[in-house]
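The following paragraphs lead through one protein model, from its overall architecture to its ligand sites and then to individual residues. Please keep the sequence and the structure in view while reading.

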Amino acid sequence: MTLPEHVAIIMDGNGRWAQKRMLPRLAGHRAGMKRMIALADHIFSCDIRCLTIFALSTENLGRPREELEGLFDLFREYFTEYAAKLGKGGVSLRVIGDLSLVPEDVARLAKESERETAGHDRFLLLAIGYGGRRDIVRAANAVVASGCALTEDSLASALSTGGMPALDLLIRTGKEQRLSNFLLFEAAYAELVFSEKLFPDFTDKDFDRALRGYAGRDRRFGKIHSDQPCKR
Ligand code: IPE
Ligand code: IPE
Ligand code: MG
């Protein structure tokens, strides 16, 4: 089976998952984090080299303070209690996004986790305070400031996903069918999967189904198959 090298997941639907159970939204975020930790383990056990998870967008920073504080508490917990386990499992954690937009101690914990887990050849990129447009503008400015020519390649390398394999498969849970400012440049030729499941309900088996679907996709990258004659 053809496997993707780089999978990205938009973990959406935590709030609705909680609402359905008459629970506060934060209970949904907690269930989402628990599912994310287990799903990441499963995904790396499937021999996938790079996983990018969309956990908090620049636009999400406009949510009510109470929800944001709860989310930052969950990130604190993730960095202090789970990140080290990733490193022990041979996975390096990288946080992508603008860390100047999150509380200082969360940014510091993120950087510590990156240092603690560095040096492996498999990667979990956690997108926090991330916006695709913002990342493109930052990367373009960085290329220009370095004096290099701004090309598709130089821009791709300067993005926060620079150095990672090309994005092959992007999965969004939670019913919506949009990118919501995630990996706008990188998703150019990614295969897209939209799941009806709210993220805390998205199982390892649902992921396996997406993988099988991916293996069956005909990725032409704008070309045509050489066995198709083109007679005039
Ligand atoms: C995704 O779940 C997690 C974040 C955006 C932080 P939501 O919080 O967007 O959940 P819904 O879409 O309201 O159900
Ligand atoms: C996208 O979900 C962002 C993350 C999952 C982190 P949103 O819930 O913010 O997206 P919209 O509002 O439905 O576009
Ligand atoms: Mg949402």
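Of the contacts in the protein with a separation of 6 or more, 76% are between residues 24 or more positions apart; a contact here means heavy atoms within 4.5 Å. The model is a predicted one, in which local features need pLDDT of at least 70 and side-chain atom pairs count only at pLDDT 80 or more, while totals for chains, interfaces and linings use all residues. Residues are numbered from 1 along each chain as its sequence is written, chains are lettered from A and ligands numbered from 1 in the order in which they are written, and side-chain values use heavy atoms, with hydrogens and water left out.

The secondary structure consists of seven helices and six strands. Helices (H or I, at least four residues) and strands (E, at least two) are DSSP runs, numbered from the N terminus. Read from the N terminus, the order of the elements is β-α-α-β-α-β-α-β-α-α-β-β-α. The C-alpha atoms fill a box of roughly 65 × 45 × 35 Å along the principal axes. The radius of gyration of the protein is 18 Å, which agrees with the value near 17 Å for a compact globule of 232 residues; the radius is taken over C-alpha atoms, and the globule rule is 2.2 Å times the number of residues to the power 0.38. Of the 232 residues, 49% are buried, where buried means under 20% relative accessible area, exposed over 50%, and partly exposed in between (1.4 Å probe, protein chains only). The protein exposes about 12300 Å², of which carbon and sulfur atoms supply 52%; such areas come from the Shrake-Rupley method with a 1.4 Å probe, and for residues only the protein chains shown count as cover.

Which residues lie around ligand 1? The shell consists of Met 11, Asp 12, Gly 13, Asn 14, Gly 15, Arg 16, Arg 25, His 29, Ala 55, Asn 60 and Arg 63, a residue being near a molecule or strand if one of its heavy atoms lies within 4 Å of it. Helix 1 (14-20) and helix 2 (25-45) each supply at least two of these residues, and helix 1 gives the most, with three. By class, the shell holds two nonpolar, five polar and four charged residues. In this division Ala, Val, Leu, Ile, Met, Phe, Trp, Tyr, Cys and Pro count as nonpolar, Asp, Glu, Lys and Arg as charged, and the others, Gly among them, as polar.

Backbone atoms approach ligand 1 at several points. A polar backbone atom of Arg 16 is 2.7 Å from an oxygen atom of ligand 1, the corresponding distance for Asn 14 is 3.2 Å, and a backbone N or O atom of Gly 13 lies 3.4 Å from an oxygen atom of the ligand. Taken alone, ligand 1 exposes 380 Å², and the protein buries 88% of that.

Around ligand 2, the shell includes Ile 10, Phe 54, Leu 56, Ser 57, Arg 172 and Ser 180. Strand 2 (residues 50-57) gives the most to this shell, with four residues. The division here is five nonpolar, three polar and four charged. For this ligand, side chains can be singled out: an N or O atom in the side chain of Asn 60 is 2.8 Å from an oxygen atom of ligand 2, and the side chain of Arg 178 likewise places an N or O atom 2.8 Å from a ligand oxygen. A polar side-chain atom of Arg 63 lies 3.4 Å from an oxygen atom of ligand 2. Taken alone, ligand 2 exposes 390 Å², of which the protein buries 79%.

Ser 180, one of the residues around ligand 2, lies in the loop between strand 5 (169-172) and strand 6 (191-194). Its phi is positive, about 45°, although it is not a glycine. Most residues other than glycine have a negative phi. Ser 180 counts as partly exposed because its relative accessibility is 32%. Asp 47, also not a glycine, has a positive phi of about 75°. Asp 47 belongs to the loop between helix 2 and strand 2 and, at 64% relative accessibility, counts as exposed.

Towards the C terminus, is Asp 206 buried or exposed? Asp 206 counts as buried because its relative accessibility is 9%. Asp 206 lies in helix 7 (residues 204-215), and a polar atom of its side chain lies 2.9 Å from the backbone nitrogen of Thr 203. In the segment after helix 7 lies Arg 220, which is partly exposed, with a relative accessible area of 43%. The side chains of Arg 220 and Asp 218 are joined by a polar contact of 3.0 Å; a polar contact is a pair of N or O atoms within 3.5 Å, and within protein one must be able to donate a hydrogen and the other to accept it, with residues adjacent in sequence counting only if both atoms are side-chain atoms.
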